[in-house]
Amino acid sequence: MLKYKLKTKLFIPRMGLSILGIFILSLQLKGQFVVQPSLSKITYHRADSLRKTISQEETSSEKYAESDSLFRKAIRLFESEGDWKYWYKSLYRLRKNAMAQAKNKEFIDTLTNYQKRLPLNQKEILAKIILSKSVLSDKLGWHNQTIMYGRKFWEIRDSSFKNFEKYDIAVYENMGFAYVQLGDEESALKYYHKALSLLKSRANGNYYNLLYKLANAYMHLGNLEQAKVEFKKGLILPFPDFFHLGLVEVYSRQDSLGKMNFHLSVAKQTNNTIQVQVLESEYLLKMTDTVGAIKLQQNVVKELSNGRDVRDLVKQKVKLGILLSAFRKEEQAAQIAHSALTDFYPNLEKNDLFSNPNLSELEPEIWIIEALAIKANYFNQQYTVSKSEKSRKAIETLFSDLFEHFNRLKNSYVSRGAQYNMGAYSQKIYSDIIKFYVNEFQRTEDVKFFDKAFLSAQWSNSFVLKNAISKRKALEYANVVKDSIDKYLLLESRISNAFNEDENQIVAINEFDIFRNELIENYPNFARYEAKNEINLSDLQDKLSGDDLLLKYYFLDHQCIVFALSDTDQFILQISITDSFYRILNRYKSSITQFDMFSNSVEKLENDYLESSKELFDILLAPLLNHSKFRNKKHLILVPEGPLKQISFASLLTDESDSWSDSSNYLIHDYSIQYLYYCGQLNEKRKNRQNQKFVGFGIEYKDDFLEDVLKEFESLTTNEANNRSISLSNLTFADDEIKQISRFFDGKLYLNENATPNNAKSAIKNAKISHFSTHAFTNNEDFLKSFILLNRDSSDTYQLSYEDILKINLQNELVVLSACQTGIGNEILGEGMMSLARAFIQSGSKSAMGSYWNTPDKSTMILMNLFYGNLKQGMTKSVALRNAQLDYLTNDEFSTPAMRSPHYWASWGIYGANESVVGYEFNQKWIIYLLLMFLLFYVVRKII
């Protein structure tokens, strides 16, 4: 005890009486005696006591340095004693010091160094360190790293950890917030729901916070009704102010100004926070008081400038910039946007608008994108007036950064829905980029500007499809074995499916990450090939023959820009798109697709078609096909967009005609036609490992089956019989179609009761050609629910849905969808038309044939028979289809003049690769023959 008292006397003069509490470390309830503390714990408590005495204003005081030094000393002492519990306690409080001093970035490295010193058996502490890294990354706005550390936490964490649910809630919340900042609200909702489900009590601030974040995520996702439900739950809680404010924002988006004002007034009675002012600014803007909205937003920025939340300051500055830009104050908008960037990137030159963050420093966050876009808009306007070289370089830098930003964001998303949403969001900025480079190309005729405009136009759409195809290519180029490819794609699909099914997304992500890391370790080339996803202009031109003309259509405001590309030349055509264009387009579509009107108004339909078809040709193709650079081309490679995706270009008339049964003026008389979803599909040279040459599915449906299906789809109406449409006719010729095709290609047929979803899923995996002669349904509200109608299987399922198709790893050269409307679907802005044909290509098929409208049954059978006969002769897919259509039009054996309307034959299009389906087979045989001849020659020589 004497020794203990002497120690006490040594410390009292320095720390005062408050330090006495440090030495009472353990009380035995029965014995009530004091245990002597160790030096390590004394050091720890001294450091913690000092930390608690530091006020918020003393962020750079010497007290922090002293406290940090003591904590590090305590960590060393606890490590030598093997006391890992207090080792982590010291490290945790050292983290609190770092956060208070805004040293989050440096402390992540500190945690990494300490992590290396942990014994292997300290998994729980390792998990906590990873969690700390996730928290610090969140504070820094490093959202992808927040997510990465969250995933690593779950790799380590197991249910034996103490209070593991508390840590799970923290990780779920961190990851949810990170996904919101990245724009992936679908993923955020998953994590917020998980966190809420683990909370044992609703009577705490954590519940209110999570509920508010959940409602906010629903709102930003666009599900305003569900957002209202969640916000209203918060109105009965002890602190309803922020939930009133959430409802203000919801009603603002719904333009319900009365309800918006009511909830704003309620919140203002007890709460005059910055968020109230932000939403009041939005209300004034809704009331067309732009000046008042700007003044209020300026005040918000002023108040936030004195705080520590840099991200919120940046967000509100950018909001102010958007308001100023809308009010035609572009220079002020650019200055405030640049100020926001300098807040986020302190090393940026504050007074130089031309300075920008290094691309390597850019964090993928929506508000940073908005700030860059505001500056780009300002310099773009300046350049339009002055043509200053400095402004032009500034625009190019900003556009390049924005381009990279969007790609990073999309790649960081887990859910496809978020990728689609970002594709739509990015269209305005992509349009500005494309417009700028198109104008520069036409001003200078410098091909580098064509290249940049063309590249931007390609990246502006089909992102999800491009990624899916590029991953398959990477797996195959790296020589990953087929079973591993199947497993990789299955695990990846489970992540997306977890958003629509009751599946644990966290488990799915972890399994995928672990397996992907194994693949990269075993196949190093996989990561290298996966990263190569660029579309290079010169590479594309190398893929084009002298007969090819590639036309990429891009809709921009009231314009359609056409990028024309041959093996040696490039050209840009700008087409003005007015209301009259859409009237012509609608007249064309009606004249071909309204089959039920034929009996009463054939002459009118024919006249409408003859006029509108020629007009569309004159607008969309004539200026290019008649151009001196592109005359005498024979093969068109078309990449249509928007409303053009519903045009069968094969049916357009190149000259005036008296009858639609006259084949001489159709575009296919002189050209074969191939469609692409994006130009990079020309580069698709993937390996094929099919076991089966051909599999066919054909059903002559029974009345009772169709009646059952119709009951489930009461909105479907009966139409003309013998149409492969929503009328659900029996399809008398469907099974005959399959039998006739099988004469050309050996394989396996699944007819009638054998044509089931289960058989389809297993059979088409290894087929060279898959053919469906069936009904199909296109769901224009939810494309994942579009499906091919087959017969019931053992699970009583008769649908092969879009979602089912995405789960299959296909190796097909060609999938033929001999059914209605399989080439069209609902349009997703920034991604494209989500047709069933597209689903098969996304799942690995090199190409697919789909239809634009409901197709007559008998003429379809005839065309398919002709098409496969041409394929067997070695023709490319587009030439085989073109010749089949011309044979149908000109041969009385196949059709009568009354059956030569484009309605009967023009519905079909080839999407994707165009190679002959038999070329590979013939080459293989010749290689075998040559090897045998060489072997025979070698044996004979040996004998002689």
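In the contact between helices α9 and α10 of this predicted model, residues E185, E186, L189, Y192, H193, A195 and L196 of α9 meet Y207, L210, L211, K213, L214, A217, Y218, H220 and L221 of α10, where contact means heavy atoms within 4.5 Å. By class, 11 nonpolar, 2 polar and 3 charged residues take part in this contact of α9 with α10; Ala, Val, Leu, Ile, Met, Phe, Trp, Tyr, Cys and Pro count as nonpolar, Asp, Glu, Lys and Arg as charged, and the others, Gly among them, as polar. Helix α9 spans residues 185-198 and helix α10 residues 205-221, and the two pack at an angle of about 155 degrees with their axes 9 Å apart. Axes here are lines fitted to C-alpha atoms, for helices over the stretch in contact, and angles run from 0 to 180 degrees between N-to-C directions. Helices α9 and α10 are therefore roughly antiparallel, a label for angles over 145 degrees. Their crossing is left-handed, meaning that the near helix is turned anticlockwise from the far one by less than a right angle. Helices (H or I, at least four residues) are DSSP runs, numbered from the N terminus.

Residues are numbered from 1 along each chain as its sequence is written. Local features need pLDDT of at least 70, side-chain atom pairs count only at pLDDT 80 or more, totals for chains, interfaces and linings use all residues, and side-chain values use heavy atoms, with hydrogens and water left out.

A second helix pair is formed by α16 (residues 310-326) and α17 (residues 330-344), whose axes come within 8 Å and cross at roughly 170 degrees. This makes α16 roughly antiparallel to α17. The residues of their contact divide into 10 nonpolar, 4 polar and 3 charged. Among them, V310, L313 and V314 lie in α16, and I336, A340 and F344 in α17.

Turning to the interior, the largest nonpolar core has 166 residues, and W87, L91, F231, F454 and F563 have the most contacts inside it. Such a core is a set of buried Ala, Val, Leu, Ile, Met, Phe, Trp, Tyr and Cys residues joined through side-chain atoms within 4.5 Å. Helix α18 (residues 366-386) gives this core its largest share, 12 residues. Apart from this core lies another, of 123 residues, including C560, Y701, M834 and I862. Leaving out residues up to four places away in sequence, F231 touches Y212, A215, N216, M219, F243, G246, L247 and V250.

Q181, in helix α8 (residues 164-182), counts as buried at 13% relative accessibility, the cut-off being under 20% relative accessible area (1.4 Å probe, protein chains only). Beyond its neighbours within four places in sequence, Q181 is in contact with H143, R311, E365 and I366.

Definitions and conventions:
Angles under 35 degrees count as roughly parallel, over 145 as roughly antiparallel, 65 to 115 as roughly perpendicular and the rest as oblique. Buried means under 20% relative accessible area, exposed over 50%, partly exposed in between (1.4 Å probe, protein chains only).
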